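Reader: I have a structure to go through and I'm new to this. Can we take it in pieces?
Author: Fine. Have it open in front of you.

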Amino acid sequence: MLAKIHVTFKSGVLDPQGKAVHHALNDLGFNEVRGVTLGKYLEVRLDGISETEAQGRVREMCDKLLANTVIESYRYTLEPTD
Amino acid sequence: MKCGVVVFPGSNCDHDCYHILKHVLGLSTEWIWHKDNADLDRFDWVVLPGGFSFGDYLRAGAIARLSPVMKAVTRYANKGGRVLGICNGFQILLEAGLLPGALLNNRSQKFICKTVHTVVENPDTPFTRHCGKNAVLQIPIAHQQGNFYADDETLKRMADHGQVLLRYADAEGRVTEAANPNGSVQNIAAVANERKNVMGMMPHPERVADPLWPNLDGQSIFQSLIHSGAS
């Protein structure tokens, strides 16, 4: 199973990288861009675990290590692998 | 008086701290390797020095706080032992949940290495006792992730409990936006836990504490710990 995890800043937390990319896109003429959030993407391969169990385990991984929940929020999906 | 300096893989201000404590201040000083989970009760305080523990992978301090020594540091802090985290040490204490808030990338996205001024906001702690209220300390910073953040509720709680110890200021001690080097909320440069036995600071006091150098402002932090007596 593959957990695809996105970690991004919570709203209200200053994201200077996102802001810089936002301005760069505007400079390139993409005037429709109203905001950019820059975050992290992780793929975690899991083995020997049911999808129900994985839901809880991945949440625990995010809370304990992969995200700093003071400043970041996370979301993830689980996909079967061969 | 006995103090310990914790060494993580990637610590690089550990020798500076050790030098100031042992050779300049004449304290009995020991190294503590990050794999060591033994009780720290023999120390009057321990220092988590600056550097790039575990390459700052994932987030600065995120991996280091899982090192066995952090279990010992947490037990020590919970018993009232004094812990000083400098720069990367501050980041590790935040990740370990021993201090409130978090540190983001600098507003400029750049690594900043320069001498700044900070003003002492709360001199009634073991880390600032020797300073006096509104004393201005000129101490260098050197970091990429030193932009302190806490939500409004946390900031209010910190203010109510006098947990902000240093703020970035100008040479006269005025807390201004122009004197804020990295975007830290309310110019916060150093914080303590509610009990005031754990402090984290981004500026490097060990870099301005050797009499070979004219500026000795960093000694105030270490002298405060000495004047606070045994842990």
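What follows is a chat about two chains, where they touch, and one helix.

Author: Keep in mind that this is a predicted model.

Reader: Ok. How many helices and strands does chain A have?
Author: Chain A has two helices and three strands. Along the sequence they come in the pattern β-α-β-α-β.

Reader: Is chain A compact or spread out?
Author: Chain A is more spread out than a compact globule, because its radius of gyration is 16 Å, well over the 12 Å that the globule rule gives for 82 residues. Its C-alpha atoms fill a box of roughly 50 × 30 × 15 Å along the principal axes.

Reader: And how much of chain A is buried?
Author: Buried residues are 29% of the 82 residues in chain A.

Reader: New topic. How many residues does each chain put into the contact?
Author: Chain A puts in 15 residues and chain B 16 residues.

Reader: What area do they bury?
Author: About 1,200 Å² between chain A and chain B, with 63% of it on carbon and sulfur atoms. On the chain A side, A:Leu14, A:Pro16 and A:Leu65 lose the most area to chain B, and together they account for 35% of what that side buries.

Reader: Which residues form a salt bridge there?
Author: B:Arg59 and A:Glu72, through their side chains, at 3.7 Å from N to O. The rule finds one salt bridge across this interface. It also finds five residue pairs in polar contact, both residues at pLDDT 80 or more.

Reader: Which helices of chain A supply residues to that side?
Author: α1 (16-27) and α2 (51-66) of chain A each supply at least two residues. α2(A) gives the most, with three residues.

Reader: What classes of residue are on that side of chain A?
Author: Nine nonpolar, three polar and three charged residues.

Reader: Switching to chain B. Is helix α5 mostly enclosed or open?
Author: Helix α5 of chain B, residues 219-227, is largely enclosed by the rest of the structure, because seven of its nine residues are buried.

Reader: Which ones are buried?
Author: In α5(B), the buried residues are B:Gln219, B:Ser220, B:Ile221, B:Phe222, B:Gln223, B:Ser224 and B:Leu225.

Reader: What do they pack against?
Author: The buried residues of α5(B) pack against one helix, α1 (14-24), and the strands β3 (45-48), β4 (82-86), β7 (136-143) and β11 (198-201), in chain B.

Reader: And what comes just after that helix?
Author: Just after α5(B), B:Gly229 has a positive phi of about 75°.

Note on methods: Residues numbered from 1 in each chain as written. Chains lettered and ligands numbered in written order. Predicted model: local features only at pLDDT ≥ 70, side-chain atom pairs only at ≥ 80, totals over all residues. Heavy atoms only, no water. Contact = heavy atoms within 4.5 Å. Buried area = accessible area lost by both parts, 1.4 Å probe. Salt bridge = Lys/Arg side-chain N within 4 Å of Asp/Glu carboxyl O. Polar contact = N/O pair within 3.5 Å; in protein donor to acceptor, adjacent residues only side chain to side chain. Helix = DSSP H or I, 4+ residues; strand = E, 2+ residues; numbered from the N terminus. Nonpolar A, V, L, I, M, F, W, Y, C, P; charged D, E, K, R; others polar. Rg over C-alpha atoms; globule rule 2.2 N^0.38 Å. Buried < 20%, exposed > 50% of the residue type's maximum accessible area, 1.4 Å probe, protein only.
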